[in-house]
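Work through the exercises below with the sequence and the model open. Each task is followed by a solution in steps.

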Amino acid sequence: MMGLFGLLLVLHILSSIAFIGPAFVTPIRTGGQLHFVLGITAKLAIMPKIGGTGLILTGVGLMIITKMGLSQMWLNVSILLALLMVGLIDGWIEPRMKKIRKTISERQDQGNDIPAEFGLQLKKIVPIEVAAMLLMIAVLVLMVVKPF
């Protein structure tokens, strides 16, 4: 029988999947793929919010059960990196993606070519997306390895 710790840990892991899963999107090569990916990401936008809430609640629960609090450096660094990642996503990436989605939805022709201006807008976002993904990976490594 799974105890409260095990249940919280499983929910914590599932929350992390919901939180980071939608961030890993397939490469876009055609206009049709661009419309598809932007539509999917708009529909999946609720998943990171649900996952993030679950992460906070289960993380606090795990900290209370283990009586760990904020005494572990790996945990403090993980929380700091996660907050930085959320700031990048919510403050930088999401507003620009909303603008791109709005502009694309207003276009009448949804041909197979990606218009150059959208490609340029997406290229400006990619380095920040890569940074956010690297932060996600760092947080996951810290949570699993607990190096310090």
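A residue is called buried under 20% relative accessible area, exposed over 50%, and partly exposed in between (1.4 Å probe, protein chains only). This is a predicted model: local features need pLDDT of at least 70, side-chain atom pairs count only at pLDDT 80 or more, and totals for chains, interfaces and linings use all residues. Residues are numbered from 1 along each chain as its sequence is written, and side-chain values use heavy atoms, with hydrogens and water left out.

**Exercise 1. Overall description**

Task: State the secondary structure of the chain and how much of the chain is buried.

Solution. Step 1: take helices (H or I, at least four residues) and strands (E, at least two) as DSSP runs, numbered from the N terminus. The chain then has 5 helices and 0 strands, in the order α-α-α-α-α from the N terminus.
Step 2: of the 148 residues in the chain, 26% are buried.
Step 3: compute accessible areas by the Shrake-Rupley method with a 1.4 Å probe, where for residues only the protein chains shown count as cover. The accessible surface comes to about 9600 Å², and carbon and sulfur atoms hold 73% of that surface.
Step 4: count contacts (heavy atoms within 4.5 Å). Among contacts in the chain with a separation of 6 or more, 79% join residues 24 or more positions apart.

**Exercise 2. V10 and the nonpolar patch**

Task: Is V10 buried, partly exposed or exposed, and which surface patch includes V10?

Solution. Step 1: V10 is found in helix α1. Its relative accessibility is 38%, so V10 counts as partly exposed.
Step 2: patches are made of residues with over 30% relative accessible area and no salt bridge; like charges are joined within 9 Å, and nonpolar side chains (Val, Leu, Ile, Met, Phe, Trp, Tyr) within 5 Å. A salt bridge is a side-chain nitrogen of Lys or Arg within 4 Å of a carboxyl oxygen of Asp or Glu.
Step 3: V10 belongs to a nonpolar patch of about 980 Å², whose members include M2, F5, L14 and I65. Helix α1 (residues 4–20) gives the largest share of this patch, 9 residues.

**Exercise 3. Helix α3**

Task: Compare the span of α3 with its expected value, and say which elements cover its buried residues.

Solution. Step 1: the expected span is 1.5 Å times one less than the number of residues. Helix α3 (residues 46–66) has 21 residues, so 30 Å is expected; the end C-alpha atoms are 30 Å apart, which agrees.
Step 2: the buried residues of α3 include G51, G52, G54, L55 and T58. Their cover includes α1 and α4.
Step 3: just after α3, K67 has a positive phi of about 55 degrees.

**Exercise 4. Helix α5 and its surroundings**

Task: Where is the kink in α5, and what does K146 touch?

Solution. Step 1: the 30 residues of α5 (residues 116–145) should span 44 Å, and the end C-alpha atoms are 43 Å apart, which agrees.
Step 2: define the bend at a residue as the angle between axes fitted to the seven residues ending there and the seven starting there. A kink of about 30 degrees lies at V126, shortly before the proline P127.
Step 3: V139 and L142 are among the buried residues of α5. S78 in helix α4 (residues 73–106) touches V139, L142 and M143, not counting residues up to four places away in sequence. S78 is buried, with a relative accessible area of 1%.
Step 4: K146 lies in the segment after α5 and takes a positive phi of about 50 degrees. At 43% relative accessibility, K146 counts as partly exposed. K146 touches W74 and V141, not counting residues up to four places away in sequence.
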